[in-house]
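Biologist: Please take a close look at one part of this model for a reader who is new to it, and explain each term as you go.

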Amino acid sequence: MRKLVDSTALVTGASSGIGRAIAIELARRGSGVVLVARRKERLETLADEVRTRFGVHAEVEVVDLSRPEAPEELVRRLEAADIQVDILVNNAGFGIHRAFLETPWERQRAMLSVNVVALTELTRLLVPPMVARGTGKVMNVASIGAYLPVPGYAVYASAKAYVRNFTEALDAELSGTGVRAIAISPGSVRTEFLEHAELELNRVGDLLTISAERCASIAVTRMLGGRRTLVPGYLNALGMWLLRFVPRRQQTFFGWLAMGATASPAPSHAESRQ
Ligand SMILES: NC(=O)c1ccc[n+]([C@@H]2O[C@H](COP(=O)([O-])OP(=O)(O)OC[C@H]3O[C@@H](n4cnc5c(N)ncnc54)[C@H](OP(=O)(O)O)[C@@H]3O)[C@@H](O)[C@H]2O)c1
């Protein structure tokens, strides 16, 4: 296992799911962590846990990344506290599974603000000091939705396509600087994501789902190994590779198959929509 000594990782969306697991995986390897999300109590419990289990330093930053000013305010607070970020993990995000025209614009705007705008601005603010030091890592969490158009997830999947393309292009631009960027595109992972999207995994989804811990362990190992892009899990990776042979016109069907066919509306939500 590669160790991370004398480094600090900022992880957004560290209060649950994949972000929490990535923060634990980085701390296990010796990195200090700055834990970012809105739910303060959860972040403080996690900070206590990593301090006790791994002896690393851990800070909590309560931030609502859907606010336009949030990334700049966060970076100003880090500077005031003299915290240098060596690894940036842009993981915070959520999905909406509903027809585009049936989803209130405020929800779609908030999703784009968190999943796209805050991720891009944090990268813009935190990468230049890494380049100046000649070392650093950025991990941006996309989704298999980044690989194809997905009816029912039109805005979410398109936002993730942005994350994947942005990150891969950034990594190419950073060539020779000592800083690397990696796009992680998970398939189904067991977290609170589905709850927030008001969905429940069905039997197909259950079969294809991996744990947040497994996803985090693969992601961190591949980031440290210098990969530019990654689909965790063999079946998902194979599926995304095979997509290149599917004509563009038929990709919406495969988009539905990959994401829409793995989960169904949660009963409470289904009732509230009738
Ligand atoms: N689970 C999956 O199947 C799956 C598959 C592919 C990609 N992903 C991606 O993986 C990432 C993590 O999702 P997850 O599955 O771990 O879901 P999750 O358990 O719901 O975690 C989402 C995290 O994002 C944070 N977050 C949401 N809105 C925020 C806001 N306005 N400001 C700050 N933080 C915010 C949440 O923290 P607070 O609520 O405390 O703010 C939470 O820590 C997301 O980008 C998601 O799109 C998930």
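**From an exposed residue to a buried strand**

Modeller: Asp6 counts as exposed because it has 9 C-beta neighbours inside 10 Å; a residue is exposed if 12 or fewer other C-beta atoms lie within 10 Å of its own, buried if 20 or more do, and partly exposed in between, with the C-beta atoms placed from the backbone. The model is a predicted one, in which local features need pLDDT of at least 70 and side-chain atom pairs count only at pLDDT 80 or more, while totals for chains, interfaces and linings use all residues. Residues are numbered from 1 along each chain as its sequence is written.

Asp6 is found in the segment before strand S1 (8–12), where strands (E, at least two residues) and helices (H or I, at least four) are DSSP runs numbered from the N terminus. Asp6 also has a positive phi of about 55° although it is not a glycine. Most residues other than glycine have a negative phi. Asp82 is another residue other than glycine with a positive phi, near 60°, and it lies in the loop between helix H3 (70–80) and S4. Asp82 is exposed, because 6 other C-beta atoms lie within 10 Å.

The part that I would examine closely is strand S5 (residues 136–141). Six of its six residues are buried, so S5 is largely enclosed by the rest of the structure. Both of its faces are covered, since Gly136, Val138 and Asn140 are buried on one side, and Lys137, Met139 and Val141 are buried on the other.

Which strands run alongside S5, and in which sense do they pair with it? Strand S4 (residues 87–90) runs parallel to S5 and is joined to it by four bridges, where two strands pair if DSSP finds at least two bridges between them. Within this pairing, Val89 has Met139 of S5 as its bridge partner. The chain passes from S4 through helix H4 (residues 105–133) to S5, and this β-α-β crossover is right-handed, a term that applies if, with the strands pointing away from the viewer, the path from the first strand over the helix to the second runs clockwise.

S5 also pairs with strand S6 (residues 179–184), in the parallel sense and over six bridges, and here Met139 has Ile182 of S6 as its bridge partner. The chain goes from S5 through helix H5 (residues 154–173) to S6, again in a β-α-β crossover that is right-handed. Met139 is thus a bridge partner of Val89 and of Ile182.

For a contrast with S5, helix H8 (residues 212–224) can be considered. H8 has 13 residues and reaches 18 Å from its first C-alpha to its last, close to the 18 Å expected at 1.5 Å a residue, the expected span being 1.5 Å times one less than the number of residues. In H8, Ala212, Cys215, Ala216, Ala219, Val220 and Met223 are buried. These residues cover an arc of only 120° around the axis, which puts them on the same side of H8; the arc is that of the directions from the helix axis to the C-beta atoms. In S5, by comparison, buried residues are found on both faces.
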